[in-house]
Amino acid sequence: MVVLPVSMVEEIRALPIEKANPTVAHAHNLLGSYTKMDLILRSNLHFRMIQTRLTPMLGSLTGPMEDEVEYGLNHHFPSSEEWTRMKPYHTILELVARTSARVFVGLPLCRSEKWLEISTQFTEQIFVSVCFMRLFPTWTHPILSKLMPSIWKGHDYIRQSQKLLVPEILHRKELMATGKLARDIQDTLLSWMIECADASESDPKHLAHLEIVISLAAIHTSQMNAVHVLYDLCAHPECFEEIREEIREVARKQEGWQKTSYAQLRKLDSFMKESQRFNPPSMLSYHRVMQGRHVLSDGTVLPSGSHICMPVNAIQMDPEVTTNPEVFDGFRYYKQRQTPGEGHLHQFATTEKNLLNFGHGKYACPGRFFASLEIKVILVRLIMNYDFKFVDGGGRPPNLRAHEFLFPNPDGELLIRFRGSDAESPF
């Protein structure tokens with residue numbers, strides 16, 4: 001693996017996919033030939049649907065997401081006004097999985113406990129497999145893959161997804177043919193894939209497999225971002241009320257909560273971005289596998305087949321990139337957006353050459369706008385309706401790291417209480 005300096009971002013960005021391929025790199029990172037994540041090399045249907053259907057439809061999907069967050073909170077969060085212990089890693093995972101499923105597969109399937117298990121546990125098994133197998137030379141991987149329970153379980157979850165989704169896919173195809181598919185089911189990622197798949201992509205088993213691949217990409221990254229934000233808010237409790245006041249002000253200005261309200265939450269957006277700067281999902285990003293020999297402008301030779309990337313964390317913590325990078329400033333990007341001409345920049349979902357958590361350029365993460373909205377929908381409800389603090393005055397639970405991956409502590413605990421008469425969620 002070749003780790004390149006940030007000065008090469010724009011040069012790599014300009015290379016066509018035929019020269020520097022990000023999809024091959026993702027499949028390689030996830031040991032696709034063993035985990036069956038190499039499916040993404042045979043079809044980019046999910047990528048196309050996120051770009052052309054999901055992102056443009058986010059406005060109309062906001063209401064269903066809010067509805068599912070409310071449903072999830074009623075099932076997974078306490079209603080007591082007394083302080084109660086909770087492990088946010090697990091409760092937020094359930095909440096994100098439900099909310100994502102509402103958009104990906106729709107009602108009633110999104111509330112199926114079997115689907116929620118498949119969509120969350122598949123990802124767990126993939127990362128267990130990847131983190132373990134990377135400890136050993138590549139020549140051992142064909143042997144290890146046949147011996148590892150996490151590989152078996154991952155494959156089994158693919159089969160379970162197909163058993164659950166194939167009948168649903170066939171049923172939706174019949175309804176589409178007769179024009180009887182309900183609008184709320186039509187506006188889901190699964191239905192869009194059924195509608196737009198070409199002949200090589202339309203096999204129901206293929207579509208079911210793609211659904212859990214999308215879940216892998218979406219659920220845990222949003223969950224980890226939301227958990228990091230809660231931990232960081234508890235570490236900087238003075239920010240709670242300032243964000244609450246911003247939410248109140250937006251609701252007042254718009255005479256009630258609307259689909260467009262989330263875009264006005266500049267302080268919350270800034271806090272999310274600063275939290276991600278301190279807690280990136282990976283220390284490395286901007287991955288490519290070279291499809292042919294290439295010589296960079298500085299003379300560096302990249303052989304065909306070489307895997308290149310950028311050191312995200314090192315770049316973001318560089319004083320030349322970020323002023324006082326070691327200081328957590330939740331409203332850092334809010335203040336930057338006050339600069340004339342920069343109001344549209346420095347957002348959680350926008351990419352910049354110095355902020356590469358979502359990549360940059362044409363092949364940046366297509367689901368980042370959905371992730372941003374989903375996290376905000378969840379956080380607005382949590383921040384307005386609940387109080388949070390560390391247990392017994394303790395500090396932020398330390399992150400865990402495996403290879404380049406960074407995770408919020410699954411065993412970390414917070415104290416939570418319902419705000420009672422002070423609860424004021426705008427939706």
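**Close-up 1. Strand β8 is mostly covered.** Of the five residues in β8, four are buried (buried means under 20% relative accessible area, exposed over 50%, partly exposed in between, with a 1.4 Å probe and protein chains only). Strands (E, at least two residues) and helices (H or I, at least four) are DSSP runs, numbered from the N terminus. The model is predicted: local features need pLDDT of at least 70, side-chain atom pairs count only at pLDDT 80 or more, and totals for chains, interfaces and linings use all residues. Residues are numbered from 1 along each chain as its sequence is written, and side-chain values use heavy atoms, with hydrogens and water left out.

**Close-up 2. β8 belongs to an open sheet of three strands.** The order is β3-β11-β8, with antiparallel pairing. β3 (84-86) and β8 (386-390) are the edge strands, and each pairs on one side only. On average, neighbouring strands of this sheet are turned by 35° against each other, direction ignored. Strands count as paired if DSSP finds at least two bridges between them. β8 and β11 run antiparallel and are joined by five bridges. Between β3 and β11 (residues 414-418), the antiparallel pairing has three bridges.

**Close-up 3. Helix α12 crosses the sheet strands β8 and β11.** This helix spans residues 204-235 and runs at about 75° to β8. Axes are lines fitted to C-alpha atoms, for helices over the stretch in contact, and angles run from 0 to 180 degrees between N-to-C directions. Contact means heavy atoms within 4.5 Å.

**Close-up 4. Isoleucine 416 of β11 has a partner in β3 and one in β8.** Phenylalanine 388 stands opposite isoleucine 416. So does threonine 84, which sits in strand β3. Threonine 84 and isoleucine 416 are 332 residues apart along the chain, yet their C-alpha atoms are separated by 5.2 Å. Apart from neighbours within four places in sequence, threonine 84 touches Pro78, Leu414, Leu415 and Ile416. Threonine 84 counts as partly exposed because its relative accessible area is 28%.

**Close-up 5. Phe132, Leu135 and Phe136 make a nonpolar surface patch.** The patch covers about 280 Å². Patch residues have over 30% relative accessible area and no salt bridge; like charges are joined within 9 Å, nonpolar side chains (Val, Leu, Ile, Met, Phe, Trp, Tyr) within 5 Å. A salt bridge is a side-chain nitrogen of Lys or Arg within 4 Å of a carboxyl oxygen of Asp or Glu. Accessible areas come from the Shrake-Rupley method with a 1.4 Å probe; for residues, only the protein chains shown count as cover. Leucine 135 lies in the loop between α7 (113-133) and α8 (141-147). Leucine 135 counts as exposed because its relative accessibility is 58%.
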